[in-house]
Amino acid sequence: MSLINDVKESIIKASTQYSKDRIDAFNRAIKTEENLGNDNAVWALKIMLENERIANLRKLPLCDDTGIPHILIEVGKNREIPKNFISNIKEGIKLGLKDLPGRPMAVKGKGLEKLDQSKGLYDDPSMMFSAPFSIDTFDNSRIDYTEDLEDEIHIHLLLLGGGPEIRSKTYRIFHKHDSNIVLNETISWLSDSLKMLGCTPSIPAIGIGRSHYEASHLMLKAMVHGNLNIQSETENYITNKLNELNIGPMGLKGHTTVLGCFLNIGPQRASGVRIVSARPSCFVEPRISTIKI
């Protein structure tokens with residue numbers, strides 16, 4: 001019962017509050033826009049932080065689109081998955097979406113009825129079932145990896161909204177043995193997407209792998225482990241290029257089109273292509289919470 005309740009509370013936490021690095025990034029952006037005299041950008045960024053403060057205080061969703069739950073699980077080599085582990089997580093998700101409450105967005109019907117939405121929607125927000133779970137080991141190449149993690153299980157809960165999903169792309173890039181080709185084509189994709197996103201500033205998440213599945217998985221892990229206070233040289237390069245677009249917060253112009261970038265490069269194979277999954281997250285994403293057991 002404890003895990004069910006922990007998951008329920010984590011769904012609510014993910015949907016109602018920002019992490020410290022996100023708040024720090026907003027405050028840095030406000031100072032930058034103030035120094036540049038971009039009053040509209042400053043106003044929008046301050047409203048976004050106020051929205052988070054109220055959502056956190058009153059336990060209200062950060063956005064009307066409360067998203068689709070995605071679950072990534074990391075299991076240490078010294079641990080085993082407990083009995084009823086997956087079913088308890090699913091039950092916790094249902095309770096969390098009820099208590100939040102989530103937006104009723106789940107489509108009724110079977111097969112083609114779901115595609116054309118001919119049966120309508122469920123009134124119950126808990127019918128928004130999670131995407132298939134991902135279970136993995138801890139990545140010992142991460143900066144924050146320690147051997148103590150091998151005694152733990154981490155459950156990462158992400159809530160992914162529809163706006164960024166519409167603007168996301170998973171596709172192959174012919175790299176010609178030049179990493180700059182991969183990066184710059186990805187930046188080009190994101191530039192086009194951000195112009196249509198609306199809910200900027202974004203935190204683009206990028207996964208680069210060997211298959212479409214792997215690239216998407218790496219993109220989700222980029223959101224799980226990304227930190228706006230610790231950005232790599234490549235992440236800063238992508239951020240700086242995208243901020244040259246001058247879209248600004250909510251499209252009101254300004255330096256802050258993105259707050260930062262989360263990049264995850266996975267294993268590669270001898271091939272003429274790299275598979276890239278790029279998601280232009282809106283300013284409330286990534287909505288994430290982690291349970292450690």
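On a 1 Å grid over the protein atoms alone, a pocket is an open set of points with protein on both sides within 12 Å along at least five of seven lines, while a cavity is a set where a 1.4 Å probe fits but cannot get out; lining residues have an atom within 4 Å of a point. Grid points are joined across faces, edges and corners, and a volume is the space filled by probe spheres set on the points.

This is a predicted model, where local features need pLDDT of at least 70, side-chain atom pairs count only at pLDDT 80 or more, and totals for chains, interfaces and linings use all residues. Residues are numbered from 1 along each chain as its sequence is written, and side-chain values use heavy atoms, with hydrogens and water left out.

**Exercise 1.** Find the second largest pocket and describe its lining.

*Solution.* Start with the volume: about 300 Å³. Next, look for the centre: of the 20 lining residues, H70, A131, S216, H217 and L220 are the closest to it. Now bring in the helices (H or I, at least four residues) and strands (E, at least two), which are DSSP runs numbered from the N terminus. Strand 1 (68–75), strand 4 (169–174), helix 8 and strand 7 (273–281) each give two or more residues to this lining. Helix 8 gives the most, with five. Last, sort by class, with Ala, Val, Leu, Ile, Met, Phe, Trp, Tyr, Cys and Pro as nonpolar, Asp, Glu, Lys and Arg as charged, and the others, Gly among them, as polar. You get 10 nonpolar, seven polar and three charged residues.

**Exercise 2.** Do the same for the largest pocket.

*Solution.* Its volume is about 1,300 Å³. There are 42 lining residues, and the closest to the centre are D144, V224, H225, G226 and N227. Among the elements that give two or more residues are helix 1 (2–16), helix 2 (20–36) and helix 8 (212–225). Helix 8 again heads the list, giving the most with six residues. The classes come out as 17 nonpolar, 14 polar and 11 charged.

**Exercise 3.** Which residues line the largest cavity?

*Solution.* First, the count: there is one cavity of 30 Å³ or more. The largest cavity has a volume of about 40 Å³. Its lining is made of L72, I73, E74, S134, D136, H156, H217, K221, V224 and H225. Helix 8 gives the most here too, with four residues.

**Exercise 4.** Work out the order of the open sheet of four strands, and see what packs on it.

*Solution.* Count two strands as paired if DSSP finds at least two bridges between them. The order is then 2-1-3-8, with mixed pairing. Strand 2 (134–136) and strand 8 are the edges, each pairing on one side only. Strand 3 and strand 8 are antiparallel over six bridges, and I155 stands opposite I291 in strand 8. Now add helix 4 (residues 85–99), which touches strand 1, strand 2 and strand 3, contact meaning heavy atoms within 4.5 Å.

**Exercise 5.** What does the salt bridge between K46 and E34 tie together?

*Solution.* A salt bridge puts a side-chain nitrogen of Lys or Arg within 4 Å of a carboxyl oxygen of Asp or Glu. The structure holds 14 of them. In the one between K46 and E34, the closest N and O atoms are 3.6 Å apart. K46 lies in helix 3 (residues 39–58) and E34 in helix 2, so the pair links parts that are 12 residues apart in sequence.

How values were computed
Axes fitted to C-alpha atoms, helices over the stretch in contact; angles between N-to-C directions.
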